[in-house]
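Q: I've got this structure open and I'd like a close look at one part of it. Could you walk me through its charged pairs and what sits around them?

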Amino acid sequence: MQLSQSLLDQVRTLANEAGKHLARFYQQDVTIQTKSDNTPVTEADLFVSQFLIEKLTALFPDIPVLSEENCNIPFEQRQTWQTYWLIDPLDGTQQFIDRTDQFSVLITLVQNHQPVLGVIHFPILNITYYAMKGFGAFKQSNKEITRLQPRKIDLTKPLKIAVGATTSQEKVRSILAALPSSLKSGLVAEGTVDCYIRLGKTGEWDTAGSEILLAEINGMIFDPHYQQLTYNQRESLINPNFVMVSDNTQNWASVFQFN
């Protein structure tokens, strides 16, 4: 598939449509179930998953779709995919249930095991992050669009670090070298924080959009071995622990001591 502005616009439009469905469900009581991994899933997750699968298949009939809510596809089958859509119809299901407004729809195009186009849309916050390989990374807030810029990080100065959950803060401190830090929420890509640490279970659909967003500003995501995350190269679709950083030129092993 050829990357183009037209393709990116199509995906952004689709993410907005999916967001409108989420907003509609958000205004009403929804049925909540518990999945086999003890995480919640709502009728909003399932509806938007089916909506996106049908829309993407209609637009791009030759490209398979892998959704968090429809991921039981044998590795023997999906390992043959050179190009596929990777989606999370409702990233932040618990936040949706808790009515925090902080949930999103994620749509990513993966080619040769690397995300090349990603849209992260927060329908209630009215914020969208999007990026495409070679085209740059952007943030749209309401109708204002800002191009996200690369940043150089000075590791000799205090770092602003975002943590996935309050319960993870002590674990995070245990892998940090002796550098001062302030734990603040925000997104690495726009420069609110310098890095984001996630200790705990996530799926490849959770990180793919951020992968291309960060790549376009010279950032990256690495695992405890300081290696990039993989996409559709293992039987499991569950990520290891990871760190997102906004500057891939730094020696982050001097900051994080995973072993």
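The answer goes through the salt bridges one by one and then turns to two helices.

A: Quick ground rules: this is a predicted model, where local features need pLDDT of at least 70 and side-chain atom pairs count only at pLDDT 80 or more, while totals for chains, interfaces and linings use all residues. Residues are numbered from 1 along each chain as its sequence is written, and side-chain values use heavy atoms, with hydrogens and water left out.

Start with the count: there are six salt bridges, each being a side-chain nitrogen of Lys or Arg within 4 Å of a carboxyl oxygen of Asp or Glu. One of them pairs Glu68 with Lys35, with 3.3 Å between the closest N and O atoms. Glu68 sits in the loop between β3 (65-67) and α3 (75-78), and Lys35 in the loop between β1 (32-34) and β2 (40-42), so this pair ties together parts that are 33 residues apart in sequence. (Helices, H or I with at least four residues, and strands, E with at least two, are DSSP runs numbered from the N terminus.)

How enclosed are these two? Glu68 is buried at 18% relative accessible area, while Lys35 is partly exposed at 21%. (Buried is under 20% relative accessible area, exposed is over 50%, and partly exposed is in between, using a 1.4 Å probe and protein chains only.) Apart from neighbours within four places in sequence, Glu68 is in contact with Lys35, Ile87, Asp88 and Trp205, where contact means heavy atoms within 4.5 Å.

Next up is Lys139 with Glu190, whose closest N and O atoms are 3.2 Å apart. Here strand β8 (residues 136-141), which holds Lys139, is linked to the loop between β11 (181-183) and β12 (195-198), which holds Glu190; the two residues are 51 apart in the chain. Lys139 is buried at 17%, whereas Glu190 is partly exposed at 32%.

That β11–β12 loop also holds Asp194, whose partner Arg151 is in the loop between β9 (144-147) and β10 (159-163), 43 residues away. Their closest N and O atoms are 3.4 Å apart. In this pair, the acid Asp194 is buried at 7%, and Arg151 is partly exposed at 25%. Back at the Glu68 end, salt bridges that share partners join Lys35, Glu68 and Glu69 into one network.

Now the helices. Helix α2 (residues 43-59) has 17 residues and reaches 24 Å from first to last C-alpha, close to the 24 Å expected at 1.5 Å a residue; the expected span is 1.5 Å times one less than the number of residues. Its buried residues are Ala44, Asp45, Val48, Ser49, Phe51, Leu52, Ile53 and Leu56. Among the elements covering them are α1 (5-26), β2, β3, β4 (83-91), α4 (93-98) and β5 (104-111). At the N-terminal end, Thr42 caps α2, with a side-chain oxygen 3.1 Å from the backbone nitrogen of Ala44. (A polar contact is a pair of N or O atoms within 3.5 Å; within protein, one must be able to donate a hydrogen and the other to accept it, and residues adjacent in sequence count only if both atoms are side-chain atoms.)

Finally, helix α6 (residues 204-215) has twelve residues that should span 16 Å, and its end C-alpha atoms are indeed 16 Å apart. Ten of the twelve are buried, so α6 is largely enclosed by the rest of the structure. The buried ones include Trp205, Ile212, Leu213 and Leu214, and Trp205 is one of the contacts of Glu68.
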